[in-house]
Amino acid sequence: MSKKFQIVGSLLRPTELLAYKRQIEHSDTIVYPFYNDLAGYEDCELAATKEIIKKQVDHGLDVISDGEYSKSIWHLDFVWGLKGVDRLLAQHGYFFKDKDAVDEYNYETRKDIALRFTEPFGAKNHHFIKIFKRIASLAEGKTTKLCIPSPSHLFGEFSWSKNIIDKDKIYPTSNDLKNALLVAYKEFVQEYADAGGKILQLDDCLWEMFADDNPNSPFNGENIDVAALSALADEFVELNNAVIDFGHTLGLKMWTHNCRGNYESRHMGGGSYAKIADLFLKQQKYDRFFLEWDDERAGTLDALNAFKGKNNEIVLGLMSSKTNTLDDEDRIFKLLEEASKIIDKDRLFLSHQCGFASCDGGNELTEAEQWAKIDQGQKIAQKFWGV
C-alpha cells in the first residue's frame, strides 16, 4: 500500500449509526454530544469507530481518522461543542446544486444548521478531545489526525448567515467575533497538543468566494467594493495563520482541506484556484494542503506555481468521492505528471477531492464501492511514486 495516497477524512456511516444520526437531525431539544438523550448511541458510535479504524488499517491507510463517525455535519459538531452556543433547527437548510441543474441551487440539506449565541465562546474541555483520545487508543500505534473547521470558515459563516441568533448581543463588532474565535481556537489547539495530538486538519469551503470566476460568489456583480473585499480576504488568511502559528509553537503539523461543497454527491460552488492562489495558497502557512481537481471547476494545475520555493506538501484531489464508479486512471496519471513538472514529486500526494460523507448521510455509493475507490487510489499512487 502507498503512503502517497491519502483520504480527506470522512467515510460512509453504517446503517445502525445512521439510525441515531437521523434522530439527531430532526431534533433541537437534545444536547450535544447527545449521549444522555439517545440510549445506546455512545456504545453504537464506539463500536462503529472501532470497526472503521480497523478497516482503514486493513486497507493500508497510514494516517487514521475516525471516519468522522462522531460527527453529523463536517463543521457544526465542533461549533456545538463550544461553550456559549445552542443548536437549533432552521427554517431551511443550505442549498446545493442538484446533479442535473444548470444554474439552480435548490437541493436542500438538513435543517439543523441554526445557532444561538448565549455567552462568549469557550473551547476548554471540548468533546473533540475525548474523540481524539478514542481515535488514538484504537489506531494501533498508527499516525492519527483530527479534522475541525478552520477559524476563517466559521468567521465567514457566522458573519453572513441569517441563522445565527443573538450574535450581535454577544459580539457587537466583527473584530469582537474574530478575536473570540481566535481565543477559543487557541484554547482548543492547546488542549489537543496536551492530549498528544500531532496533526490538526482545518477544513474550509470559503476560499472560492473570493474568486471572480466563481459565478456563485456573492462578491461578483456590479458595484463591488474591491478594497473591502481584499481586506476581508486578508482577514481570513491572518486569522488562519494566527492559529497555524500557534499550533506550530506546540509542535503540531497543521493541515488544511479546501473544497467547493460535498453533500449527497452534490456541490455548492465554483471558482478556480488560479484566482485565489497568491492569497490562499501562497500566504497560508499550512504544512499540507488537500486541494480538489476532480472536475473543471477548480481550473488548471497552474495554481500550483504558488507553492514554488516553499516546503508545503500538496495532496491532489484528482479523484471523485461523489461517484460510484472507479476513476479515469489515464486522466489521473496525466495530471500527476503535469503536477510533478511544477512541484517536486516528493511533495505531492493523491486523494479524492473530499471525504465520502462530509455530512453523515454520505455520498451516493455503497461501502464496497467506497473501498474499491480507495484501493484504486492506493494502486495508482504505488505505480506513480513506486512507494
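The questions and answers below concern a predicted model.

User: Which strands are the edge strands of the open sheet in the order S2-S5-S8?

Analyst: Three strands form this open sheet, and their pairing is mixed. An edge strand here pairs on one side only. That applies to strand S2 (83-88) and strand S8 (164-165).

User: Which residue in S5 stands opposite Asp 86?

Analyst: S2 and strand S5 (residues 114-122) run antiparallel and are joined by five bridges. Asp 86 lies in S2, which spans 83-88. Opposite Asp 86 in S5 stands Arg 116.

User: Is Leu 38 buried or exposed?

Analyst: Leu 38 is found in the loop between helix H1 (15-25) and H2. Buried means under 20% relative accessible area. Leu 38 has 8% relative accessibility, so Leu 38 counts as buried.

User: What separates the C-alpha atoms of Leu 38 and Tyr 20, in Å?

Analyst: Neighbours within four places in sequence aside, Leu 38 is in contact with Tyr 20, Gln 23, Ile 24 and Ile 30. Of these, Tyr 20 is 18 residues from Leu 38 along the chain. The separation of their C-alpha atoms is 7.5 Å.

User: Are H1 and H2 parallel, antiparallel, perpendicular or oblique to each other?

Analyst: The two helices pack with their axes 9 Å apart, at an angle of about 135°. On the H1 side the contact is made by Glu 16, Leu 17, Tyr 20, Lys 21 and Ile 24, and on the H2 side by Tyr 41, Cys 44, Glu 45 and Ala 48. Angles over 145 degrees count as roughly antiparallel and 65 to 115 as roughly perpendicular. H1 and H2 are therefore oblique.

User: In what crossing does H1 pass H2, left-handed or right-handed?

Analyst: The angle between H1 and H2 is about 135°. As for the hand, the crossing in which H1 passes H2 is left-handed.

User: How many Å does helix H11 reach from its first C-alpha to its last?

Analyst: H11 covers residues 367-385 and has 19 residues. At 1.5 Å a residue, 27 Å is expected. The helix comes close to that value, reaching 27 Å.

User: Which helices and strands do the buried residues of H11 pack against?

Analyst: Among the buried residues of H11 are Trp 371, Ile 374, Ile 380, Ala 381, Phe 384 and Trp 385. Polar names also appear in that buried set, including Gln 370, Lys 373, Gln 376 and Gln 378. The buried residues pack against helix H2 (41-58), strand S12 (313-319), helix H10 (329-340) and strand S13 (348-352).

User: Which residue just after H11 takes a positive phi?

Analyst: H11 is made up of residues 367-385. Just after this helix, a positive phi of about 75° is taken by Gly 386.

Technical notes. Residues numbered from 1 in each chain as written. Predicted model: local features only at pLDDT ≥ 70, side-chain atom pairs only at ≥ 80, totals over all residues. Heavy atoms only, no water. Pairing = 2+ DSSP bridges. Helix = DSSP H or I, 4+ residues; strand = E, 2+ residues; numbered from the N terminus. Expected span 1.5 Å × (residues − 1). Buried < 20%, exposed > 50% of the residue type's maximum accessible area, 1.4 Å probe, protein only. Contact = heavy atoms within 4.5 Å. Axes fitted to C-alpha atoms, helices over the stretch in contact; angles between N-to-C directions. Parallel < 35°, antiparallel > 145°, perpendicular 65-115°, else oblique. Left-handed = near helix turned anticlockwise from the far one by under 90°.
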